[in-house]
Amino acid sequence: MAASVAPLQISSLRIADTAGSAVAFEAFDLPSSNQRLLGPPHPPKTQIPLALRPTENVTSLDTVVSTIEALQRDNTLTKLLARHGTLLFRNLPIRDATDFSKFAHAFAYKPHEIIGIVVDRPLLAPNVAPANEAPKEVRIYNHNESPQVPHAPEYIFFYAQKAPRKGGETPISSSLELFHRAQAEVPEFIDLLAEKGILSKVTYHVERQYVGGSTLKAAFGKEIRDGDDEETRRKKIEAQITRYGRGEHTTWEWTEDERGKGLVLTHRLPVIRTQSGTNLPTLFTGLAAYYKNTLEVQNETGAGRKNAAHQYFGDGTQIPQKYLAHLAKITDEIRVLHKWQEGDVLVYDNVVAQHGREPWEGEQSDRVILASLFDGESVPGAYGFGDWAQVVQASEG
């Protein structure tokens, strides 16, 4: 169950550019199912998400964009993201993918190039794609974006173009709070993660592995051209993999099984990272989601799908399920479920906040959530000192 607290009295907060921006934003309360006070190590009375709306009716997107640009000249919204983890914007004149793209780009972050994508994200507008097109029955549990590969975005924007009547909520939880709780409750697990990290084995196939999944070409084949022979295609794919800059800590093996030809990519990665500016440790991971999905597949509930990435300790040994179950237990206790209204925009600091997707009733087309991913100045910092714990932005390509 999601955590529940009394409605938060934060309506006195007002955000506007000191030079006199055209739009002022005010904080407002959400139902307790959508919003909660964060626990340590967050400052007291910090809520997730921070919900913002214009103080007056706004019909011009250009006016909103210019205001966001003005606020970001001193990183006002970036600082709020670092504190709260997630911001909700409501009652903005955003009507489609193009409007959403303009709003997201106003934050002045660098668009993220997805390398090693495991879900299908066709481009709909500049740096805008569907969030996830998996069947509506599939639950996608809380996770940071792209924890199974070395190259992850720092900021994630979601826009509700269409919201279902029942279900389809987007979970929100703090990775900082998750680490703090796990360190107190299962310290031996945190010690093992710090010492070993994880091995993430990601399987890619020429053909799509599941509905909404990616293909090998979509993941690494941006330089592949019609007429390339197999050897040339492989070399181009391998060249993209080396952009991760991981050396011996990223290896690959070409395979062929009943599904056809494919590639297994193995990364040794840190799960514990640090937040820039505070150096607070955060669990940058999808381990709880991996555990939850594995259970659903094993129990044949119909809500899960085979994991494209398999997770082990960094030395190749199995991660005890009791630890994964405990991460999921904590996550259940600290997360809220955002009930979408059409036009809502959620913005996540991917270093310190996790997201997901709940199933919904009705038709697949009843829920249309678009996503836009951006990089920060650096990737989430390393917590340890081993070579495998150092992660850098992928090289230009």
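Trainee: Let's begin with Asn-127: is this residue buried or exposed?

Mentor: Before we look, this is a predicted model, where local features need pLDDT of at least 70, side-chain atom pairs count only at pLDDT 80 or more, and totals for chains, interfaces and linings use all residues. Numbering starts from 1 along each chain as its sequence is written, and side-chain values use heavy atoms, with hydrogens and water left out. A residue is called buried under 20% relative accessible area, exposed over 50%, and partly exposed in between (1.4 Å probe, protein chains only). Asn-127 has 19% relative accessibility, so it counts as buried.

Trainee: What is the mean pLDDT of the chain?

Mentor: pLDDT is the predictor's confidence in each residue, on a scale from 0 to 100. In this chain, 91% of the residues reach 70 or more, and the mean is 90.

Trainee: Over which residues does pLDDT stay under 50?

Mentor: Two residues are in contact when they have heavy atoms within 4.5 Å. The stretch you ask about has 30 contacts in the model beyond four places in sequence. Its pLDDT stays under 50, and it covers residues 1-11.

Trainee: Back to Asn-127. What is its phi?

Mentor: Most residues other than glycine have a negative phi, and most peptide bonds are trans. Asn-127 is found in the loop between β7 (110-111) and β8 (129-130); such strands (E, at least two residues) and helices (H or I, at least four) are DSSP runs, numbered from the N terminus. Although Asn-127 is not a glycine, its phi is positive, about 60°.

Trainee: Which peptide bond is cis with omega near -10°?

Mentor: Let's look at two cis bonds. One joins Pro-40 and Pro-41, with omega about 10°, and Pro-41 lies in the loop between β3 (36-37) and β4 (47-48). The bond you want leads to Pro-49, which lies in the loop between β4 and β5 (50-54). With omega near -10°, this cis bond runs from Ile-48 to Pro-49.

Trainee: Is Lys-45 buried or exposed?

Mentor: Lys-45 is found in the loop between β3 and β4. Its phi is near 65°, a positive value in a residue other than glycine. Its relative accessible area is 72%, so Lys-45 is exposed.

Trainee: Which residues of helix α5 are exposed on the side away from its buried residues?

Mentor: Helix α5 (residues 187-196) has Phe-189, Ile-190, Leu-193 and Lys-196 as its buried residues. They are on the same side of α5 because they cover an arc of only 150° around the axis, taken from the directions from the helix axis to the C-beta atoms. On the other side of α5, the exposed residues are Asp-191 and Glu-195.

Trainee: Within what arc do the buried residues of α7 fall?

Mentor: The buried residues of helix α7 are Ile-237, Gln-240 and Ile-241. Seen down the axis, they line one face of α7, because they fall within an arc of 105°.

Trainee: What covers the buried residues of α7?

Mentor: The exposed residues Glu-231 and Lys-235 sit on the other side of α7. Over the buried residues, the cover includes α6 (216-220), β13 (250-257) and β14 (260-269).

Trainee: Which strands stand at the edges of the sheet with the order β16-β15-β22?

Mentor: This is an open sheet of three strands with antiparallel pairing, and two strands pair if DSSP finds at least two bridges between them. Strand β15 (residues 272-274) and β22 pair over two bridges. An edge strand has a single partner, so one side is left without a neighbour in the sheet; this describes β16 (281-283) and β22 (381-382).

Trainee: How many bridges join strand β10 to β19?

Mentor: Strand β19 (residues 345-349) is mostly covered, with five of its five residues buried. Four bridges join it to antiparallel β6 (residues 86-89), where Leu-87 stands opposite Val-347. On β10 (residues 155-162), Phe-158 has Leu-346 as its bridge partner. β10 and β19 also run antiparallel, and the number of bridges joining them is five.

Trainee: What distance separates the C-alpha atoms of Gln-364 and Pro-135?

Mentor: Gln-364 is placed in the loop between β20 (353-357) and β21 (368-375). Beyond its neighbours within four places in sequence, it is in contact with Glu-133, Ala-134, Pro-135 and Lys-136. Gln-364 and Pro-135 are 229 residues apart along the chain, yet their C-alpha atoms are separated by 6.8 Å.
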